[in-house]
Amino acid sequence: MTLLSRSITLTPFPSFLSPKSTSPRTLIYCNNDDKSKVPRRKPMNSPRRKPSYGASRRSVLKKSFTQEQVDFTVPISTDPVVGIIGGGMSGLLCALYLQKRGIKSTVFDTGIHGLGGRMGTRIVGPEALTFDHAAQFFTVSDPNFAEMVDLWSKNGLVRQWDGAIGELQSGGNFNALPPSPPRYIGVNGMRPLAESIISETSMMNVVRPCWVSKLEPYNGKWYLSENGKPCGHFDVIVIAHNGKCANRLLASSGLPLIARQMKRLDLSSIWALLAAFEDPLPVPSTASGIPLEGAFVEGIDSLSWMANNTTKLFGSQTSRPHCWTFFSTAAFGKQNKVPQESIPSSTAEKVKKAMLEGVQLALGLPENSLKSPFYSRLQLWGAALPTNSPGIPCIFDPRGRAGICGDWLLGSSLEAAALSGMALANHIADYCQSGGTSPDEFALGLHDEFQPLKGHDIGQFPGLGSEKQINKANELQLTT
């Protein structure tokens with residue numbers, strides 16, 4: 001991993017950078033390599049200093065809810081840098097659109113194999129078994145997002161998925177969906193889309209794997225750290241992920257309004273089973289004889305979606321093994337929820353067995369006739385789908401100089417994630433351009449109420465079709 005270092009001048013130092021000498025230069029590291037490279041400092045015995053959120057004595061802390069509200073009073077830098085925590089579609093497009101407005105950023109992501117959030121593609125072993133294990137496809141309805149998708153298409157990154165997609169009922173009864181609106185997929189899987197966004201910007205740094213665990217306001221800046229290791233300082237921060245990790249990060253951040261809105265979000269859980277078979281599964285076909293490639297499954301508790309990644313990505317004539325992605329229903333995920341970081345083997349076996357039995361039922365196969373996959377991997381998306389939303393593009397706290405972006409603010413789709421990142425980037429740029437001297441004019445979404453999303457388990461494909469079809473898309477747009 002590349003070592004990221006910066007030189008900063010601090011007088012005095014925040015609590016996690018206690019000075020050992022009088023030198024004003026301190027290296028800021030954010031990596032998971034040799035810990036000896038990180039300057040270690042003995043704790044000072046002097047009383048803890050009162051936090052300084054701005055250079056002016058007029059800086060104040062306003063008591064709000066269960067934590068104190070940060071209120072930066074110093075003018076924002078004329079050359080601001082934004083720290084973005086989360087490298088999914090929303091965070092990456094926020095960084096890209098900040099660059100369009102002349103603002104630098106650093107994106108922090110926990111991904112070991114790559115970033116991209118829901119744009120996850122897993123490639124396994126010497127046979128290069130390929131699975132889209134989060135988002136399966138996406139649709140387009142917004143003109144701004146359409147412009148970006150057109151560019152991706154011209155660059156050979158996405159194409160339309162013309163395979164047979166529809167609704168599959170127990171017993172193998174398959175009804176294909178109409179071809180409109182177009183369904184888009186990544187040409188080599190979804191993850192290259194994330195990599196393409198990174199390649200478009202020269203003003204964005206990426207740090208991964210990095211799990212930002214603390215936010216500290218000091219002297220008009222936000223200081224980020226990972227388990228005590230400094231990660232840099234920023235004029236504005238963006239939270240571009242959600243779930244319990246985001247809630248923990250915000251719990252003592254000095255951003256009670258943002259923390260409250262994040263905590264209102266409810267998320268469901270879904271199991272994903274990746275399975276590779278030597279031979280094609282006996283799937284039903286359309287009236288014109290085209291075999292099923294993807295289906296919303298109805299009437300089976302353990303299964304909501306199934307798709308053949310091999311034919312989707314490489315065509316029906318390929319000789320590759322057949323790599324399938326299966327998703328459970330949210331109800332099944334709730335019934336069998338366990339800590340996703342340490343899934344008990346007994347639970348894994350039970351869930352895998354139930355999901356494969358669900359596949360057998362959906363295809364109308366005799367009992368015990370489905371051949372076992374030669375490769376399988378089970379994953380629990382513990383924070384998969386939003387069940388409520390404020391219905392706004394982004395949230396911004398101008399006094400604390402912090403914002404939130406993500407698909408859940410508008411619903412649940414890749415398009416919603418993209419639009420949210422774009423909106424927050426432009427809002428931050430406008431705020432920085434104003435100098436931050438009239439913060440209340442830029443407050444956004446801090447008090448909006450949440451409304452339930454229809455169907456409870458909702459993942460949206462804008463323009464896909466009927467409400468029933470949209471609600472049945474619920475298991476596909478996953479948040480990680």
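**A hairpin, its sheet, and the side-chain contacts**

Good morning. I begin with a hairpin: strands β15 and β16 form it with 2 residues between them, and N227 in the turn has a positive phi of about 50°. Strands here, and likewise helices, are DSSP runs numbered from the N terminus, with at least two residues of type E for a strand and at least four of type H or I for a helix.

Before going further, I should state that this is a predicted model, in which local features need pLDDT of at least 70 and side-chain atom pairs count only at pLDDT 80 or more, while totals for chains, interfaces and linings use all residues. Residues are numbered from 1 along each chain as its sequence is written, and side-chain values use heavy atoms, with hydrogens and water left out.

Let us return to the hairpin. Strand β15 covers residues 221-226 and runs antiparallel to β16, with 5 bridges joining the two. Which residue of β16 is the bridge partner of L224? That partner is G232. W222, in turn, stands opposite F234 in β16.

The hairpin belongs to an open sheet of 3 strands, in the order β14-β15-β16, with antiparallel pairing. Two strands are taken as paired if DSSP finds at least two bridges between them. At the edges stand β14 (214-218) and β16 (229-234); each has a single partner strand, so one side of each is left without a neighbour in the sheet. On average, neighbouring strands of this sheet are turned by 25° against each other, direction ignored. That angle is taken between axes fitted as lines to C-alpha atoms; in general such angles run from 0 to 180 degrees between N-to-C directions, and helix axes are fitted over the stretch in contact.

Is β16 mostly covered or mostly uncovered? It is mostly covered, as 6 of its 6 residues are buried. Buried means under 20% relative accessible area, exposed means over 50%, and partly exposed lies in between, with a 1.4 Å probe and protein chains only.

I turn now to the salt bridges. The whole structure contains 12 of them, each being a side-chain nitrogen of Lys or Arg within 4 Å of a carboxyl oxygen of Asp or Glu.

One of them starts from the hairpin: the side chains of K221 and D235 meet at 2.7 Å, N to O. K221 lies in strand β15 and D235 in the loop between β16 and β17 (236-239), so the pair ties together parts that are 14 residues apart in sequence. K221 is partly exposed, at 22% relative accessible area, whereas D235 is buried at 5%.

A second salt bridge joins R101 to D430, with the closest N and O atoms 2.7 Å apart. This pair links distant parts of the chain, 329 residues apart: R101 is in the loop between α1 (89-100) and β6 (104-108), and D430 is in helix α9 (residues 414-434). R101 is partly exposed at 33% relative accessibility, and D430 is partly exposed at 35%.

A third brings together the side chains of K244 and E341, at 3.4 Å from N to O. Here too distant parts of the chain are linked, 97 residues apart, with K244 in helix α4 (residues 244-250) and E341 in the loop between α7 (330-335) and α8 (345-363). K244 is partly exposed at 47%, while E341 counts as exposed at 56%. In addition, D71, R399 and D440 are linked in a network of salt bridges.

My next topic is the aromatic rings. Rings of Phe, Tyr and Trp (its six-membered ring) pair if their centres lie within 6.5 Å; planes under 30 degrees apart count as stacked, over 60 as edge-to-face and the rest as tilted. How many aromatic pairs does this rule give? The count comes to 18.

Among these, F145 and W152 form an edge-to-face pair, 6.2 Å centre to centre with 85° between the planes. F145 is buried at 0% relative accessible area, and W152 is also buried at 0%. F296 and W305 have ring centres 5.0 Å apart and planes at 55°, so that pair is tilted. Both F296 and W305 are buried. Ring pairs also link F137, W161, F296, W305 and F461 into a cluster.

Finally, I come to charges over rings, a term that requires NZ of Lys or CZ of Arg within 6 Å of the ring centre and within 35 degrees of the ring normal. K100 lies over the face of Y97, at 5.2 Å from the ring centre. The charged end of R320 sits over the ring of F314, 3.8 Å from its centre. Thank you.
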